[in-house]
Amino acid sequence: MRVTISRKAHFNAAHRLYRKDWTFEQNDTVFGKCNNPNFHGHNYDLIVSVTGEIDQETGFVMDVKILADLIKEEVENKFDHKNLNVDVPEFENLNPTAENIVVVIWDKLRKKIKSEFDLEVVLYETPRNFVTYKGE
Ligand SMILES: Nc1nc2c(c(=O)[nH]1)N=C([C@H](O)[C@H](O)COP(=O)(O)OP(=O)(O)OP(=O)(O)O)CN2
Ligand SMILES: [Zn+2]
């Protein structure tokens, strides 16, 4: 019997969507206002879901406090109030789109969560735009 537990989290970050190897005009055509050289920000919301068997002794799939601390350490402390392009090494040469951000977050968490658990991350870039990654 596999059950999913989920934890919501939040971070605020700035970014610019562009490719360093394209001209400003090329970037403007593809990324529009998101190519603003002065960056812009989002209030990102995150839902991290872990699926696994219920431990018969504890009744937990995983202690949600452990999951919350992990998200704080691996995501919030590294991304909150940061400029993703400038401050976060993973995006030095990777465009910080919602798609790329969710994969970076999933990779960070996957390394810290036991392989017996499935992991899914949903990232809201705006209240209406969100992406999902589960390692497939
Ligand atoms: N596939 C993607 N498309 C877009 C991404 C992305 O990460 N993946 N990102 C952006 C920009 O980051 C942009 O800043 C999004 O903001 P905005 O267009 O203002 O967001 P909304 O759609 O929620 O705003 P509306 O008011 O509904 O226009 C763009 N595209
Ligand atoms: Zn944006």
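1. Let's start inside the sheet: alanine 9 stands opposite leucine 46 in β2. Around that pair, strands β1 (residues 2–15) and β2 (residues 40–53) run antiparallel and are joined by 14 bridges. Helix α2 (residues 64–79) packs on the sheet here, touching β1, β2 and β3, and its direction makes about 20 degrees with that of β1. On terms: contact means C-beta atoms, placed from the backbone, within 7 Å; axes are lines fitted to C-alpha atoms, for helices over the stretch in contact, with angles from 0 to 180 degrees between N-to-C directions.

2. Before going on, keep in mind that this is a predicted model, where local features need pLDDT of at least 70, side-chain atom pairs count only at pLDDT 80 or more, and totals for chains, interfaces and linings use all residues. Residues are numbered from 1 along each chain as its sequence is written, while chains are lettered from A and ligands numbered from 1 in the order in which they are written.

3. The protein chain has four helices and five strands, in the order β-α-β-α-β-α-α-β-β from the N terminus on. Both kinds of element are DSSP runs numbered from the N terminus (helices H or I, at least four residues; strands E, at least two).

4. How are the five strands ordered in the open sheet? They go β3-β1-β2-β4-β5, with mixed pairing; two strands pair if DSSP finds at least two bridges between them. β3 (82–83) and β5 (130–133) each have a single partner strand, so one side of each edge strand lacks a neighbour in the sheet. Helix α4 (residues 98–110) lies across β2, β4 (118–124) and β5, at about 145 degrees to β4.

5. Now the ligand. The residues around ligand 1 (C-beta, placed from the backbone, within 6 Å of it) are Leu17, Cys34, His40, Thr97, Ala98, Glu99, Glu125, Thr126, Arg128 and Asn129. That shell divides into three nonpolar, four polar and three charged residues, counting Ala, Val, Leu, Ile, Met, Phe, Trp, Tyr, Cys and Pro as nonpolar, Asp, Glu, Lys and Arg as charged, and the others, Gly among them, as polar.

6. Threonine 97 deserves a look: its place is in the loop between α3 (84–87) and α4. Threonine 97 lies 80 residues from leucine 17 in sequence, yet their C-alpha atoms are 6.6 Å apart. Threonine 97 counts as partly exposed because it has 16 C-beta neighbours inside 10 Å; on that scale, using C-beta atoms placed from the backbone, 20 or more others within 10 Å means buried, 12 or fewer exposed, and in between partly exposed.

Notes:
Contact = placed C-beta atoms within 7 Å.
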